[in-house]
Amino acid sequence: MATPRGRTKKKAPFDNSPDSLPLRSSGRQVKKKATETTDEDEDGGSEKKYRKCEKAGCTAACPVCFASASESHKDGYDKYTTWKKIWTSNGKTEPSPKAFMADQQLPYWVQCTKPECRKWRQLTKEIQLTPQIAKTYRCGMKPNTAVKPETSDHCSLPEDLRVSEVSNHWWYSMLILPPLLKDSVAAPLLSAYYPDCVGMSPSCTSTHRAASDTSPGKLEHSKAVPSVLVPGMNRYFQPFYQPNECGKALCVRPDVMELDELYEFPEYSRDPTMYLALRNLILALWHTNCKEALTPQKCIPHIIVRGLVRIRCVQEVERILYFMTRKGLINTGVLTVGTDQHLLPKDYHNKSVIIIGAGPAGLAAARQLHNFGIKVTVLEAKDRIGGRVWDDKSFTGVTVGRGAQIVNGCINNPVALMCEQLGISMHKFGERCDLIQEGGRITDPTIDKRMDFHFNALLDVVSEWRKDKTQLQDVPLGEKIEEIYKAFINESGIQFSELEEEVLQFHLSNLEYACGSNLHQVSARSWDHNEFFAQFAGDHTLLTPGYSVILEKLAEGLDIRLRSPVQSIDYSGDEVQVTTTDGTACTAQKVLVTVPLALLQKGSLQFNPPLSDKKMKAINSLGAGIIEKIALQFPYRFWDSKVQGADFFGHVSPSASKRGLFAVFYDMDPQKQHSVLMSVIAGEAVAAVKSLEDKQVLQQCMATLRELFKEQEVPDPTKYFVTRWSTDPWIQMAYSFVKTGGSGEAYDILAEEIQGTIFFAGEATNRHFPQTVTGAYLSGVREASKIAAF
């Protein structure tokens, strides 16, 4: 409600109405004549207005309710009771007369859109504000009528004195009721909540809830409410938790402020309604159109609320939008802005930043900072951008990622956001994965299912073991799995067949692929440390055009200097000096380091002063995981008849030591037109192929394929590649893992900035989402936010 309390004399129940001007300006109140008065009122102009009772013979005089909401005023009372019924059925808060006043009776306020004016004007009570009116209003306009404004200059008229009071600190604190937005763009996404619990008016048709929605606060079901899909919105965009839903990454509760929001806006801790209303509106607008920068000017027309409080909402939406932009919640991805359209105010522009590394983390941070209006220079050692993202486009008809190309969980994944911005699609992987034995036989799916169950049971026992606080000593994951497996065999008396043992080894090879390491180097306590945090849900997809399409767009217009390997970082002075291997020195106020973990471990960068023992210990407690890839193009799709359209198929190796050698083959063409397969080398097999020539690795791969498809002829490939990430001097790894004796806390320690000057990003600094392009990208966004705030 737009009427603060405590500044006027005690009045009749509805006397904080628009007609009586609820806020005093310069100590005066303007009182409007009632349309019906007693004879005494007409003659004497008494302070209170009364009307005669309509009952025959009754001499009583009743106070006139300006809102006509008393029983004696039938039309107004009917309107009030109708509103009350709607409010009660949809809302949670009390449908009080004050709420009725705020929701139905106060006039709307709108700002003149002429740049030289921008004065606020009160609309007459019968005018319903719409986004279109808010976008086009000029002083003197008569909305919803054909009457043109008079030729006199209405903008020259003074602004109502009450407007200036709205921005005062005391004004908001004295609001009787918080503002509830009408017809918010967020309404379709929040239909499972009580509207007034998420900052929206229960009286609007857009916020009507189903008749069965009767639980307090939010719906209560035995299962989580399914995510709401809004027509025209990308199905992977689910910015709000639904009631009883949890564990979904980059999701917010629309009825609760997050901790960082409370830290930034402590004034809303007592009643967060206004903040939630505006934050939810901003998130909904962004996800409705993420291809253009969301500005305060685009949000303001959608703030529909009666009373002077609309002015306060318009003032606050700018602060909230800038905060959300800085945090990377909106106005992110591959969005580019002009040099005169920076996303943050000039207060943020007086910084200079050097970013070391042009991989996903470095480019994400550079794009964010550049859009904020901060000067950024990117130094990249290699002759290309991308880091561990490197797409090979030399194969006919398909792009094959030498590095990352798979997206694990698309809901709210920033990769899905950037695909939407670029208008590119991803291919959803199917679930079918036949396991083919050497010799060509397809494994019975029931065997695969049974051994998958036992594999997961082994990991469940590992989880139970680490809950025992008396077990202080960490052990290698591979050793713990073997110990549990032997104990199970001894206690149960079950004997697995040779094939079942081989299928179990296949699942263990997948675990080594996920960890990027032999399991005997991985921590049993912390191998899945990130699973304690909400992860990305939804489809697993193949980014068919390759990640390079995204990274090239992120890099567009940035100052990126290739072939500029950094040798040292000196942050002992007022500014940071970065020196490259050829002796070139650059200076800036801040430096962001995004080089791979392996380079930090090997001391490729010299820091002055040196990194702390705490940070070095964290760096060395993580492992620099290695996987390699092989891709092959064939003259025809020899595997189709056997695989029958599946996106991948598995290889059951007869040797446990070779379980990581070509365990899964991916069909790289979702359209099933071109003939390209890709496979992965993981675990112990990485060391086994490191000393081999590419042709020797190819021969082993072809020998495997010919075993799997022994019943037919397998042609020689027309083209192939084998990756060598472990020997790339500026990479030397695939992705990180927690070594035995380490913990997930190392990721957080590595991410800590030094003296507000040196910052760190990359997948090995993202405790929630390590090992992924998504995690690297988000770490860059995180550090850009921190740098902007310092």
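These legends go with a set of close-up views of one predicted protein model.

**Before you look: how the views were made.** This is a predicted model, so local features need pLDDT of at least 70, side-chain atom pairs count only at pLDDT 80 or more, and totals for chains, interfaces and linings use all residues. Residues are numbered from 1 along each chain as its sequence is written, and side-chain values use heavy atoms, with hydrogens and water left out.

**View 1. The whole chain, with its confidence.** The protein chain has an average pLDDT of 89, with 87% of its residues at 70 or above; pLDDT is the predictor's own confidence in each residue, on a scale from 0 to 100. Two stretches are worth treating separately. Over residues 1–47 pLDDT stays under 50, and the model has 99 contacts there beyond four places in sequence (a contact means heavy atoms within 4.5 Å). Residues 210–225 also stay under 50, with 30 such contacts. In total, the chain has 23 helices and 26 strands; these are DSSP runs, H or I over at least four residues for a helix and E over at least two for a strand, numbered from the N terminus. Of the 790 residues, 55% count as buried, where buried means under 20% relative accessible area, exposed means over 50%, and partly exposed is in between (1.4 Å probe, protein chains only). Among contacts with a separation of 6 or more, 69% join residues 24 or more positions apart.

**View 2. Helix H23 along its length.** H23 takes in residues 773–789, 17 in number, and reaches 25 Å from its first C-alpha to its last. That is close to the expected 24 Å, the expected span being 1.5 Å times one less than the number of residues. Because 14 of its 17 residues are buried, H23 is largely enclosed by the rest of the structure.

**View 3. The second largest pocket.** Here you are looking at about 1400 Å³ of space. Of the 46 lining residues, those closest to the centre are Leu250, Asp260, Lys327, Leu329 and Leu778. The elements giving two or more residues to the lining are H7 (259–264), H8 (273–288), H10 (309–326), H12 (414–422), H22 (745–751) and H23. H23 gives the most, with 8 residues. The lining splits into 23 nonpolar, 11 polar and 12 charged residues. For these classes, Ala, Val, Leu, Ile, Met, Phe, Trp, Tyr, Cys and Pro are nonpolar, Asp, Glu, Lys and Arg are charged, and the others, Gly among them, are polar. As for the geometry, on a 1 Å grid over the protein atoms alone, a pocket is an open set of points with protein on both sides within 12 Å along at least five of seven lines, a cavity is a set where a 1.4 Å probe fits but cannot get out, and lining residues have an atom within 4 Å of a point. Points are joined across faces, edges and corners, and a volume is the space filled by probe spheres set on them.

**View 4. The largest cavity.** The structure holds 6 cavities of 30 Å³ or more, and the largest has about 80 Å³ of space. It is lined by 13 residues, with Val595, Leu597, Ala761, Ala764 and Thr765 closest to its centre. By class, that makes 9 nonpolar, 2 polar and 2 charged.

**View 5. The second largest cavity.** This one comes to about 70 Å³. Its walls are Ser509, Asn510, Tyr513, Gly660, Ala663, Val664, Val680 and Ala682. Helix H15 (498–515) and strand S22 (661–667) each give two or more residues to the lining, and H15 gives the most, with 3. Of the lining residues, 5 are nonpolar, 3 polar and none charged.

**View 6. Some unusual backbone spots.** Most residues other than glycine have a negative phi, and most peptide bonds are trans. Asn608 and Pro609 are joined by a cis peptide bond, with omega about -5°; Pro609 sits in the loop between strand S18 (606–608) and helix H18 (613–621). Asn412 has a positive phi, near 65°, and lies in the loop between strand S9 (406–408) and H12. Asn412 is buried, at 9% relative accessible area. Gln755 also has a positive phi, near 55°, in the loop between H22 and strand S26 (758–760), but Gln755 is exposed, at 61%.
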